[in-house]
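Let's take a walk through a protein chain together. Have a look at the sequence and the 3D picture first, then read on.

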Amino acid sequence: MKKGIIILGSSRSNGDTFKSVSYLSDITGFEIIDLYQKDIGHYDYEFNNENDDFNFLFKGIVQNYKTIVFATPVYWYTMSGIMKTFLDRISDFLKNEKEYGRMLRGKNMALISCSNANDRPKEFNLPFSRSAAYLGMNYLGDVHAWIEKGIVPEDVKERINAFALAIKN
């Protein structure tokens with residue numbers, strides 16, 4: 001089983017969140033999956049989206065990775081819509097094909113967020129930490145990053161370095 005994967009949920013594949021995630025990936029060796037490049041429909045109770053990219057992607061994640069790092073920009077004080085859709089779709093595997101949903105138990109979850117400043121709302125991580133608890137996952141923590149003049153500042157790199165140590169073990 002591979003150590004970890006980073007799920008990038010931004011509306012810009014090469015935006016600021018990607019810059020932060022790339023730095024984290026370089027340190028950890030974790031692969032990056034860009035949700036913006038996937039066809040993932042919204043959750044619905046009839047499971048009409050079962051033939052989009054989510055099912056194959058989710059099964060691959062739960063079968064192959066120990067740690068899942070969710071990466072999202074801060075949009076309107078919360079996660080991106082793409083990330084919310086991804087999290088909602090986990091419900092598919094709590095109802096149908098439960099054996100895959102149960103594979104989340106005991107896995108690790110972490111979060112990296114990004115905005116234009118050190119201004120993330122205190123409660124931002126709540127949907128992630130509570131989802132981890134509900135799914136039987138270990139929540140390893142979170143880090144907030146920001147970009148200045150197109151680069152990851154040194155103090156943010158220090159934060160990400162400490163975060164990487166916490167999630168790599």
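Is Glu97 buried, exposed or partly exposed? With a relative accessible area of 32%, Glu97 is partly exposed, because that label covers everything between the 20% cut-off for buried and the 50% cut-off for exposed. Keep in mind as you read that this is a predicted model.

## The overall layout

The protein chain has 7 helices and 5 strands. Starting from the N terminus, you meet them in the order β-α-β-α-β-α-α-α-β-α-β-α. If you drew a box along the principal axes, the C-alpha atoms would fill roughly 45 × 30 × 25 Å.

How does that fit with the chain's length? A compact globule of 169 residues would have a radius of gyration near 15 Å, and the protein chain has 15 Å, so the two agree. Of its 169 residues, 50% count as buried. Now take the contacts with a separation of 6 or more: 78% of them join residues 24 or more positions apart.

## Surface and charges

The accessible surface of the protein chain is about 8800 Å², and carbon and sulfur atoms account for 48% of that. As for charges, there are 21 positive and 21 negative ones, and their mean positions are 6 Å apart.

## The nonpolar cores

Here's a handy rule to carry with you: in soluble globular proteins, nonpolar side chains tend to be buried together. In this model, the largest nonpolar core has 29 residues, and those touching the most other members are Ile7, Phe70, Phe86 and Phe128. Two or more residues each come from strand E1 (2-8), helix H2 (54-64), strand E3 (65-73), helix H3 (81-89), strand E4 (108-115) and helix H6 (126-135). H2 gives the most to this core, with 5 residues. Apart from this core lies another one of 20 residues, among them Val69, Ala145, Ile147 and Phe163.

Let's zoom in on Ile7. Which residues does Ile7 touch, if we skip those up to four places away in sequence? The answer is Ile33, Leu35, Ile61, Ile68, Val69, Phe70, Ala71, Met83 and Phe86.

## Helix H3 and its cover

Helix H3 tucks away several of its residues: Met83, Thr85, Phe86, Leu87 and Arg89 are buried. What covers them? The cover includes E1, H2, E3, helix H4 (92-95) and H6.

One of these residues, Arg89, also turns up in the surroundings of Asn49. Leaving aside neighbours within four places in sequence, Asn49 is in contact with Gly41, His42, Asp44 and Arg89. Asn49 itself sits in the loop between strand E2 (31-34) and H2. Its relative accessible area is 23%, so Asn49 counts as partly exposed. Asn49 and Gln63 are 14 residues apart along the chain, and their C-alpha atoms are separated by 21 Å.

## Ile147, tucked into a loop

You'll find Ile147 in the loop between strand E5 (138-146) and helix H7 (154-168). Is Ile147 buried or exposed? Its relative accessibility is 7%, so Ile147 counts as buried.

Who are its partners? Not counting neighbours within four places in sequence, Ile147 is in contact with Asp16, Lys19, Ser20, Cys114, Ser115, Asn116, Val152 and Pro153. Take Ser115: Ile147 and Ser115 are 32 residues apart in sequence, with their C-alpha atoms 7.3 Å apart in space.

## Two positive phi angles

Most residues other than glycine have a negative phi. Lys149 has a positive one, near 50°, without being glycine. Lys149 shares its loop, the one between E5 and H7, with Ile147. With a relative accessible area of 86%, though, Lys149 is exposed.

Remember Glu97 from the start? Phi of Glu97 is near 50°, again a positive value in a residue other than glycine. Glu97 lies in the loop between H4 and helix H5 (98-102).

## A last stop on helix H6

Although helix H6 contributes to the largest core, Tyr134, a residue in this helix, is exposed, with a relative accessible area of 66%. Tyr134 and Arg105 are 29 residues apart along the chain, and 9.4 Å separates their C-alpha atoms.

Key:
Residues numbered from 1 in each chain as written. Predicted model: local features only at pLDDT ≥ 70, side-chain atom pairs only at ≥ 80, totals over all residues. Heavy atoms only, no water. Helix = DSSP H or I, 4+ residues; strand = E, 2+ residues; numbered from the N terminus. Rg over C-alpha atoms; globule rule 2.2 N^0.38 Å. Buried < 20%, exposed > 50% of the residue type's maximum accessible area, 1.4 Å probe, protein only. Contact = heavy atoms within 4.5 Å. Areas by Shrake-Rupley, 256 points an atom, 1.4 Å probe, with all protein chains shown as cover. Lys, Arg positive; Asp, Glu negative; His and termini not counted. Charge placed at Lys NZ, Arg CZ, Asp CG, Glu CD. Core = buried A, V, L, I, M, F, W, Y, C linked by side-chain atoms within 4.5 Å.
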